[in-house]
Amino acid sequence: MSAADVVASVCLVAGSFLCLTAGLGLVRFPDVLNRMHAATKPQVLGVLLVMTGAVIRLTGQPVVWMLVLVGVFQLLTAPVSAHLVSRVAYRRRHVRRDLLLVDELGVPGTPGPAGSTAADTRADEPADGPERTGR
Amino acid sequence: MRARLRQQALLLVWLVVVWNLLWGTFSWANLISGVVLAVVVTTLLPLPSVPTSGRFRPLPALRFLGTFVVDLLVSSAEVSWLAFRPGRHRSAIITVQLRTDSDLLLTVIAEALSLVPGSLVLDLDRERRVMALHLVQVRDAAHVERQRANVLAMEDRVVRAFGSAEDIARLDDPSTETPETEGVGRR
């Protein structure tokens, strides 16, 4: 076994492990926002490591370049999808507010984000806001 | 007009590179078919032009990239540990007043912030340049302030790497902060 093989194996195992923790995080974290953290950080690094390991193992084959592309697009798209999902979750109030230490976005009296007026914010809320009444 | 042409050319080059990478080999056939496809795609599906005023500075860019890789390792380890560890952790949602006023730079900052230091971009008020972030784990108020400083440091690195001279000048000039937004970051 050459040194390259060792490096490739370490990358593959570490990457798979990170993907596993990402999956574990998805199950164990309390709300959507926390789950999105699991879906971005360990997941992206995990995929990058698996790709690195595969590139080392497959050096010289044309498929290597496609693996590079997979890594690049993973870096570009993972934050965007996570942002979109968490933004919707926040606006629909799927947030465990009891687990928040601070919430500067939801401070009453401050203008809402993205230049939204009060009417916009109300339109975003579900008709029955049980979390709202709890505050 | 010249900026628009330059942007189109960059987009074409990027599409041709992606096409060739997908094929896995660089050949004349791939190059020519890639150029034809790229022209067809950009003509049929035109994208709105993004104003680019910035320039590329190799050394600060390297610094940004290095910090980014280290941050990615650290934050992945942190989130993994949270996934394994028993018990609950406390999160936070903070708003940060940014100083950059460029669409492209704000995009880079938002992408980088979502990937690295325990944060996830929830919202961006483009007019007032206020970014709302979700922090996965905070211990106390001091930790929140440290994270806020981290966000501003990230902005600093991105702007110094890719921003124009005016963008960098804006970093050091606090007078661009509009007074009514100053209190947003504080309780």
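## Fold of chain A

In this predicted model, the elements of chain A follow one another from the N terminus in the order α-α-α-β-α-α, which amounts to 5 helices and 1 strand. Chain A has 135 residues, of which 38% count as buried. When contacts in chain A between residues at least 6 apart in sequence are considered, 64% of them join residues that are at least 24 apart.

## Nonpolar cores

In soluble globular proteins, nonpolar side chains tend to be buried together. The largest nonpolar core here has 34 residues, and the members that touch the most other members are Ile94(B), Leu113(B), Met131(B), Leu133(B) and Met154(B). Two or more residues are given to this core by helix H2 (32-57) of chain A and, from chain B, by helix H3 (58-84), strand S1 (91-97), helix H4 (103-115), strand S3 (130-135), helix H5 (141-162) and helix H6 (165-172). The largest share belongs to H4(B), which supplies 7 residues.

Met131(B) illustrates how these residues meet: apart from neighbours within four places in sequence, its contacts include Ile94(B), Val96(B), Leu106(B), Ile109(B), Ala110(B) and Leu113(B), along with Val121(B), Asp123(B) and Leu124(B). A second core, separate from the one just described, consists of 8 residues, among them Leu33(A), Val95(A) and Leu105(A) of chain A and Ile93(B) of chain B.

## Cysteines and the absence of disulfides

How many disulfides does a search of the whole structure find? The search finds 0 over all chains. For Cys11(A), the closest cysteine sulfur is that of Cys19(A), and because the two sulfur atoms are 13 Å apart, they are too far from each other for a bond, the cut-off for a disulfide being 2.5 Å.

The surroundings of these two cysteines can also be described. Cys11(A) is buried, with a relative accessible area of 11%, whereas Cys19(A) is partly exposed, its relative accessible area being 29%.

## Internal cavities

Rolling a probe the size of a water molecule over the atoms shows where empty space is left. In this structure there are 2 cavities of 30 Å³ or more, and the second largest of the cavities holds about 50 Å³ of space.

The lining of that second largest cavity draws on both chains, with Arg28(A), Phe29(A) and Pro30(A) from chain A and Leu82(B), Arg85(B), Gly87(B), Arg88(B) and His89(B) from chain B. By residue class, this lining is made up of 3 nonpolar, 2 polar and 3 charged residues.

Terms used: Residues numbered from 1 in each chain as written. Chains lettered and ligands numbered in written order. Predicted model: local features only at pLDDT ≥ 70, side-chain atom pairs only at ≥ 80, totals over all residues. Heavy atoms only, no water. Buried < 20%, exposed > 50% of the residue type's maximum accessible area, 1.4 Å probe, protein only. 1 Å grid on protein atoms, 1.4 Å probe; cavity = no way out; pocket = protein on both sides within 12 Å on 5 of 7 lines; lining within 4 Å. Points joined across faces, edges and corners; volume = space filled by probe spheres on them. Nonpolar A, V, L, I, M, F, W, Y, C, P; charged D, E, K, R; others polar. Core = buried A, V, L, I, M, F, W, Y, C linked by side-chain atoms within 4.5 Å. Helix = DSSP H or I, 4+ residues; strand = E, 2+ residues; numbered from the N terminus. Contact = heavy atoms within 4.5 Å.
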